[in-house]
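Trainee: Could you take me through this structure step by step, beginning with the contacts between side chains?

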Amino acid sequence: MSGDVHVRFCEGLRGWFPRATRHLELIGTSSAIYELNGDYAFGIFASGWCQMMDRASRKLCDTGDNVKALKSGRWLCHESCWTDCSQKAIEKCEPVDIACNGGIRLYAVPIFAGKNVIGSINFGYGDPPKDPQKLNILADLYHLKYDDLFRGAKTYDSRPPYIIEMAKKRLKTTAKLIGSMVESTQAMEALRENENQISSIFRSAPVGIGSVVNRVLNKVNDRLCEMTGYGESELIGQSARKLYPSDKDFEFVGQEKYAQIADHGTGTVETRWRKKDGTIMDVLLSSTPVDLQDQSKGVTFTSLDITDRKQAEKELNHAHEKILTILESIDATVYVADMDTSEILFMNKRMINDFGGDKTGDICYSAFRNNSEPCECCTNKQLVDEDGNPTGVRVWDDKNPVTGRYYINYDRAIEWTDGRVVRMQIATDITDLKKMESQLLQAHKMESVGRLAGGVAHDFNNMLNIILGNTEMAIEDIAPDDPVHGNLGEILSAAKRSADITRQLLAFSRKQTIAPKVLNLNDTIESMFRMLRRLIGEDIDLVWRPGANIRQVRMDPSQIDQILANLCVNARDAIAYVGKITIETGNTTFDSAYCETHQGFKTGDFVLLAVSDDGCGMDKDTMKNMFEPFYTTKGVGKGTGLGLATVYGIVKQNEGFINVYSEPDQGTTFRIYLPQYRADTKKPEKKTADKIDMDGNETILLVEDEPSILRMTRMMLERSGYKILAASTPGEAVSIAREHTDKIHLLMTDVVMPEMNGRDLAKKILSLHPNLKRLFMSGYTANVIAHHGVLDEGVNFIQKRVQFNNLDFLKNREMASIFILI
């Protein structure tokens with residue numbers, strides 16, 4: 001127990017002492033008080049028996065030092081009184097009643113000050129033993145004579161039970177009284193300490209502090225005197241008007257400050273004070289009434305000298321005006337935007353002119369990009385490090401969709417006037433440079449293509465014509481059974497292929513002029529379907545699956561012909577013998593959450609054109625290079641490597657993008673996404689993803705061998721409220737299913753995997769969970785999967801491109817049973 005608490009404890013005992021004497025007269029034994037740490041605070045031995053036993057046990061310790069006596073373990077009465085009784089009462093926070101080593105009983109009560117135990121009080125009660133055997137045991141234990149014990153026990157006056165119970169009640173009351181006295185003392189000391197702290201703060205505060213009644217000063221601290229140059233005696237009793245340079249300043253503060261106090265309970269105002277030497281200073285005053293209900297009791301105030309700050313603000317404003325003049329005069333657009341909210345904080349004059357008005361306060365990606373959500377090209381994340389500190393300049397260029405002009409943009413994170421980190425962009429209009437660059441590049445290209453076209457088309461084509469003409473004539477002059485006839489046929493075939501290569505090369509290199517039209521993909525594809533059938537041959541099935549209510553696109557119809565012709569020819573060449581090519585269309589929408597996890601995808605509404613085959617497929621290395629010009633995996637004479645490059649160029653030219661899904665020996669699916677054409681020029685409303693109801697009751701076993709797809713699909717399902725058991729291999733899925741003792745509601749599995757296909761995996765897991773429902777996923781269309789025989793016709797599945805709106809059928813168990821029960 002600390003010294004202060006010990007003093008308060010002992011002060012409490014002084015008030016208890018008279019009562020202690022009276023209640024001991026009831027029981028005629030002993031009573032003791034212990035502090036929280038076991039210190040013996042107070043004790044009374046009212047009976048000869050207790051005095052005799054305590055002297056004997058103390059003598060057993062063979063030392064006059066209390067500390068050594070306690071450590072000896074032979075101070076038997078103390079062991080009973082503290083260790084076995086009072087300490088237990090403190091630990092349990094409740095009364096304890098035990099048998100004492102000295103032959104009677106002990107009763108202890110904890111002492112509380114508030115909610116905290118600060119000690120305990122006990123007393124002995126009951127008759128000493130009179131049984132000779134027990135007296136002999138006590139005589140041996142305490143090294144006393146039997147006759148002395150016998151006389152002590154015989155002379156002890158017994159107390160009836162009701163006296164003992166009355167004494168226990170008095171002991172509890174005494175414990176409360178002691179605790180109350182200690183608690184009261186603590187409160188008084190805390191109050192004094194608080195008053196001392198307030199007084200210390202008042203004297204040593206770095207700001208001026210004072211109080212007024214009816215605007216007459218009645219108290220000021222040293223700092224206020226230092227600020228004004230007045231002594232304390234010169235201010236006390238004086239009107240506060242003495243501190244103001246004019247009546248106007250004095251009246252303004254009175255009206256403004258007291259109006260704020262009336263509305264908010266406190267008032268803050270900037271004003272001017274005049275020092276004793278006549279110097280004017282800027283001051284920030286903050287005032288609070290002593291009593292909100294009665295302002296006549298006075299108002300306390302703090303005063304802060306802000307002269308230096310005001311001067312710094314003036315200098316800063318002057319510097320700001322100079323910088324603003326520079327920004328307004330440079331031949332570049334400049335704007336500043338909040339990196340968290342995207343709010344535009346500043347635009348220079350050139351920026352205002354280029355974008356048709358001052359957009360300050362608007363959202364930058366809406367005002368400057370016509371976007372309904374943050375731009376994909378936004379550099380915010382690149383401008384600061386993990387701790388939010390600026391990292392330097394990011395330089396990039398693009399064509400602005402609002403002005404239609406090209407800019408080179410210099411983005412940098414800077415500290416704004418209020419301390420927050422913001423993005424500043426300085427952009428130089430390079431439209432004219434772009435045009436010049438484009439013209440220069442086009443001139444170089446046309447020069448190169450001209451050389452190639454002149455050399456190849458004129459000289460090489462002339463030679464090819466000679467070869468072709470003479471070869472054809474030679475073939476007519478020679479009998480079919482002549483051995484040379486076959487050789488000439490090979491020459492003719494090679495020459496034709498060479499001519500085709502030349503034409504493709506010229507077509508790819510030429511800067512083609514297109515005539516875009518608003519069209520319906522279904523109508524355009526149907527018009528060329530017969531031609532496509534003839535192109536791929538009779539051994540391959542060509543299946544057409546048009547989407548319903550297809551959106552419109554705007555592009556040159558001949559480009560659709562080029563895309564389908566190239567993709568269908570590639571698909572035909574990928575099929576060894578018989579097979580199937582499927583052309584599909586549909587509508588799709590991508591939100592920002594989906595695009596964040598799928599590189600190359602764009603947000604918005606698109607029209608899907610998909611071409612799938614069940615041919616040989618492609619490995620990852622092939623897919624990395626498939627769009628490069630002249631890259632081909634076909635044999636010599638079977639491909640030029642220009643087909644997919646042409647498709648890629650057309651799609652990019654029309655602001656679309658391509659997604660390709662393929663695995664060796666499992667076919668290929670090309671998904672081309674073309675932006676929906678919107679006739680009106682109004683800004684589209686911001687799209688929000690449909691919210692999926694979150695049941696949170698179903699457990700789904702998800703199996704997918706591609707880590708990125710597994711993570712993405714798991715994320716979407718968990719966000720929809722489902723519990724996911726994820727496996728990257730079929731073997732891992734079987735292990736999970738075997739070890740999972742609770743119910744698994746649904747198996748969602750990829751179809752094509754290294755160890756086994758999805759159908760075989762489902763059979764294995766069904767043996768462990770007979771009521772399991774199954775849903776197959778694939779990057780191929782249903783027709784491709786069915787043709788491979790991996791799934792039977794009618795089996796339900798979803799495209800591996802899982803979106804939230806694909807998960808509608810999982811909202812409840814009933815719908816899940818309808819769609820995925822097999």
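Trainee: Which ring does the charged end of Arg159 sit over, and at what distance from its centre?

Mentor: A charge sits over a ring if NZ of Lys or CZ of Arg is within 6 Å of the ring centre and within 35 degrees of the ring normal. This is a predicted model, in which local features need pLDDT of at least 70 and side-chain atom pairs count only at pLDDT 80 or more, while totals for chains, interfaces and linings use all residues. Residues are numbered from 1 along each chain as its sequence is written, and side-chain values use heavy atoms, with hydrogens and water left out. On that basis, the charged end of Arg159 is placed over the ring of Tyr156, and the distance from the ring centre is 5.9 Å.

Trainee: Which residue lies over the face of Tyr107?

Mentor: The criterion for a charge over a ring applies here too. At 4.8 Å from the ring centre of Tyr107, the residue lying over its face is Lys168.

Trainee: How many aromatic pairs does a search of the whole structure find?

Mentor: Rings of Phe, Tyr and Trp (its six-membered ring) pair if their centres lie within 6.5 Å, and planes under 30 degrees apart count as stacked, over 60 as edge-to-face and the rest as tilted. Searching the whole structure in this way gives a total of 18 aromatic pairs.

Trainee: How are the planes of Phe529 and Trp544 arranged, and why does this pair tie together parts that are apart in sequence?

Mentor: The two rings are 6.4 Å centre to centre with 45° between the planes, which makes the pair tilted. Helices (H or I, at least four residues) and strands (E, at least two) are DSSP runs, numbered from the N terminus. Because Phe529 lies in helix H18 (residues 529-536) and Trp544 in strand S17 (residues 540-545), the tilted pair ties together parts whose separation in sequence is 15 residues.

Trainee: Is Phe529 buried or exposed?

Mentor: Buried means under 20% relative accessible area, exposed over 50%, and partly exposed in between (1.4 Å probe, protein chains only). With a relative accessible area of 10%, Phe529 is buried.

Trainee: Which helix gives the most to the largest nonpolar core?

Mentor: A nonpolar core is a set of buried Ala, Val, Leu, Ile, Met, Phe, Trp, Tyr and Cys residues joined through side-chain atoms within 4.5 Å. The largest one has 37 residues, of which Ile563, Leu564, Ile583, Phe670 and Ile672 touch the most other members. With 6 residues (its own span being 557-574), the helix that gives the most to this core is H19.
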